[in-house]
Amino acid sequence: MNKYNICLLKGDGIGPEIVNEAVKVLDCVADKYGFQVNYDEALLGGSAIDAKGTPLPQETIDKCKASDSVLLGAVGGPKWDKLPGKERPEAGLLGIRGALGLFANLRPAVIFEPLKSASPLKDEIIGDKLDVMVVRELTGGIYFGERGRREADGEVEAYDTEQYKVSEIKRIAKVAFEMAMKRNKKLTSVDKANVLEASRLWRETVIEMSKDYPEVELNHLYVDNTAMQLVINPGQFDVILTNNIFGDILSDEASMISGSIGMLASASLSDSSLGLYEPIHGSAPDIAGQNIANPLATILSVAMMLKYSLNEPKAAEAIENAVNKVLAENRTPDIYEEGKNKVTCSEMGDLVCKALA
Ligand code: NAD
Ligand code: IPM
Ligand code: MN
C-alpha cells in the first residue's frame with residue numbers, strides 16, 4: 001500500500017476550518033483508493049508568531065522538507081497587521097515558498113457546471129465551458145526584490161524592486177509551455193513590457209523559448225488589458241503565463257469566473273516532487289470561526305496534490321467529480337443560490353465524502 005506523509009500548515013483565520021475539511025476528504029479518498037496518509041502539523045504565519053515569535057520557524061521548514069507534500073490553509077489577519085514587513089504572517093508564506101523552491105504556481109480557474117448561474121459573469125460571456133490555467137511565477141519579481149525605506153529630498157521614500165533573471169523566466173515559461181502542450185496549445189504571456197524593463201526581458205525570453213514549442217500558439221498581452229479581457233472574453237484564454245504580482249492579482253480576478261474565490265485551488269511546484277497546495281484565497285478574518293467558509297478550494301487543492309505530487313490521478317478525478325455532484329444541490333453562503341441547500345463548511349466536507357463513497 002502506498003503511504004504518504006503530508007505536512008499540514010493550517011495557518012490563521014479560516015485556515016484550520018478549511019484544512020480540517022480537506023483532510024476529511026483526503027482520508028475518505030485514501031480509503032477508497034487504497035493508500036495511506038500520515039499527517040504532521042507545523043506552524044506558519046500568525047499562529048507561529050504567537051507560539052514561537054516568528055512567522056516561519058525552522059522546524060516548519062524541516063517538517064515540510066521531510067514530507068511528501070504540504071497542505072496549507074491561509075495566513076494573516078488584523079491581529080498581526082501592524083508588525084513590520086519581515087515579521088508579518090505573510091513573510092512566513094513567502095519564506096516557505098522560497099525555502100522549498102516553489103517557483104511555479106498553478107491556479108486553475110474552471111467553472112463547475114452547476115455553478116454557471118452562480119458566476120457574476122453573464123451566461124453568454126461564460127459560454128459552454130471556462131477553463132483557464134494561470135501559471136504564476138512564485139519566488140521572484142517584486143515579492144523577492146530589494147525593498148526598504150530611505151531618505152529622499154528630506155522625506156521618507158519607500159521602494160520595492162521588480163527583478164527577474166533570464167533563468168527564472170525560462171524555468172517558469174517552460175512550465176507554462178509544457179502545460180499548454182497538454183491542453184489546448186494556446187499560451188498568453190502577460191506583462192507590462194510597454195513600461196517595465198523586467199517585463200521586456202520577460203517577453204524577449206518567452207519569445208526565444210517559443211522556438212522550442214512551435215505547436216503552441218503564443219500571444220502577449222499587457223496586464224491592464226488582460227484584466228479587462230478576463231471579464232469580457234475569458235474564453236480566449238487557455239494558459240496564462242505571468243510574473244509573481246500580476247499572477248496574484250489576475251488569479252483573484254479569474255477566481256470569480258468560477259463563482260467564488262472560495263472555489264479556486266492552487267499547486268506550488270518546485271524542481272523536486274515536493275509541492276505545496278493551498279487555496280488562492282486568504283484567511284478571511286471576516287468569516288473566521290463561524291463554520292461558513294467554503295472549503296472547496298482547499299479540497300480541490302488536495303485533488304491537485306494527488307495529481308501533481310502523489311501520482312494518484314484517479315483519486316484526484318474522484319474528488320473533482322464528487323465536488324461537481326455535491327454542488328448540484330448544496331452551497332456554502334458564498335455560492336448560495338435560491339432553491340439550494342445552504343450548508344456549513346463542515347457539512348460541505350461531509351457531503352463531498354458521502355459523494356465519494
Ligand atoms: P481573503 O481572500 O482572505 O478574503 C477576501 C474576501 O473573500 C472576504 O470577504 C472573505 O470572506 C472572502 N473569502 C475568502 N475565502 C473564502 C472562502 N473560502 N469562503 C467564503 N468566502 C471567502 O483576502 P483579504 O481579506 O484581502 O485578506 C485577509 C488576510 O489573508 C490578510 O492578512 C492577507 O494578507 C491574507 N492572505 C493570505 C493568503 C494566503 O495565505 N495564501 C492569501 C491571500 C490573503
Ligand atoms: C496569495 C496571497 C499571497 C501572495 C500573500 C498573502 C503573500 O495573496 O497566495 O495569493 O500575494 O502571494
Ligand atoms: Mn493573492
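1. Domains. The protein falls into domain 1, made of residues 1-103 and 263-357, and domain 2, residues 120-258. The model is predicted, and the remarks below should be read with that in mind. Between the C-alpha centres of the two domains the distance is 24 Å.

2. Contact between the domains. Domain 1 places 10 residues in contact with 11 residues of domain 2. On the domain 1 side, α4 is the largest contributor, with 3 residues. That side of domain 1 is made up of 6 nonpolar, 3 polar and 1 charged residues.

3. Helix α4. This helix covers residues 89-99. Its buried residues are P89, A91, G92, L93, I96 and R97. Among the elements that cover them are α2 (46-52), α3 (58-65) and β11 (267-269). Just past the end of α4, G101 has a positive phi of about 65 degrees.

4. Ligand 2. The shell around ligand 2 consists of G76, E90, L93, L94, D248, I280 and G282. Helix α4 supplies the largest share of this shell, 3 residues. By class, the shell holds 3 nonpolar, 2 polar and 2 charged residues. L93 is thus listed twice: as a buried residue of α4 and as a residue around ligand 2.

5. Ligand 1. There are 22 residues around ligand 1, and those that come nearest are G76, G262, H281, G282 and N294. The shell contains 11 nonpolar, 7 polar and 4 charged residues. G76 and G282 are also found around ligand 2.

6. Helix α9. Residues 244-255 form this helix of 12 residues, whose first and last C-alpha atoms are 16 Å apart, close to the 16 Å expected at 1.5 Å a residue. N244, F246, G247, L250, S251, A254 and S255 are its buried residues. They lie on the same side of α9, because the arc they cover around the axis is only 155 degrees. The cover over these buried residues includes β4, β5 (131-137), β8, α8 (223-232) and β10 (239-242). D248, one of the residues around ligand 2, is not in the list of buried α9 residues.

7. L106 in strand β4. L106 belongs to β4. It is buried, because it has 23 C-beta neighbours inside 10 Å, where 20 or more are needed. Leaving aside residues up to four places away in sequence, L106 touches M133, V135, S266, A267 and L269. L106 and S251 are 145 residues apart along the chain, yet their C-alpha atoms are separated by 9.7 Å. S251 is one of the buried residues of α9, and β4 is among the elements covering that buried set.

8. P120. This proline sits in the loop between β4 (104-110) and α5 (123-126). P120 counts as exposed because only 10 C-beta neighbours are inside 10 Å, and the limit for that class is 12 or fewer. From P120 to K24 there are 96 residues in sequence and 30 Å in space, C-alpha to C-alpha.

9. Positive phi outside glycine. Most residues other than glycine have a negative phi. K185 has a positive value, about 60 degrees. Its place is the loop between α6 (166-182) and β8 (186-191). K185 is partly exposed, as 15 other C-beta atoms lie within 10 Å. N311 also has a positive phi, near 55 degrees, and is located in the loop between α10 and α11. N311 counts as exposed because it has 12 C-beta neighbours inside 10 Å.

10. Helix α11. At 1.5 Å a residue, the 15 residues of α11 (313-327) should span 21 Å, and the end C-alpha atoms are indeed 21 Å apart. The helix buries A315, A316, A318, I319, A322, V323, V326 and L327. These residues line one face of α11, because they fall within an arc of 165 degrees when seen down the axis. In an α-helix there are 3.6 residues a turn, so residues three or four places apart point the same way. The packing partners of the buried residues are α1 (15-33), α10 (296-308), β13 (330-331) and α12 (345-356). On the face turned away from the buried side, α11 carries the exposed residues P313 and K314.

Definitions and conventions: Residues are numbered from 1 along each chain as its sequence is written. Chains are lettered from A and ligands numbered from 1 in the order in which they are written. This is a predicted model: local features need pLDDT of at least 70, side-chain atom pairs count only at pLDDT 80 or more; totals for chains, interfaces and linings use all residues. Helices (H or I, at least four residues) and strands (E, at least two) are DSSP runs, numbered from the N terminus. The expected span of a helix is 1.5 Å times one less than its number of residues. The arc is that of the directions from the helix axis to the C-beta atoms. Two residues are in contact if their C-beta atoms, placed from the backbone, lie within 7 Å. A residue is near a molecule or strand if its C-beta atom, placed from the backbone, lies within 6 Å of it. Ala, Val, Leu, Ile, Met, Phe, Trp, Tyr, Cys and Pro count as nonpolar, Asp, Glu, Lys and Arg as charged, and the others, Gly among them, as polar. Domain bounds come from an automatic or database domain assignment.
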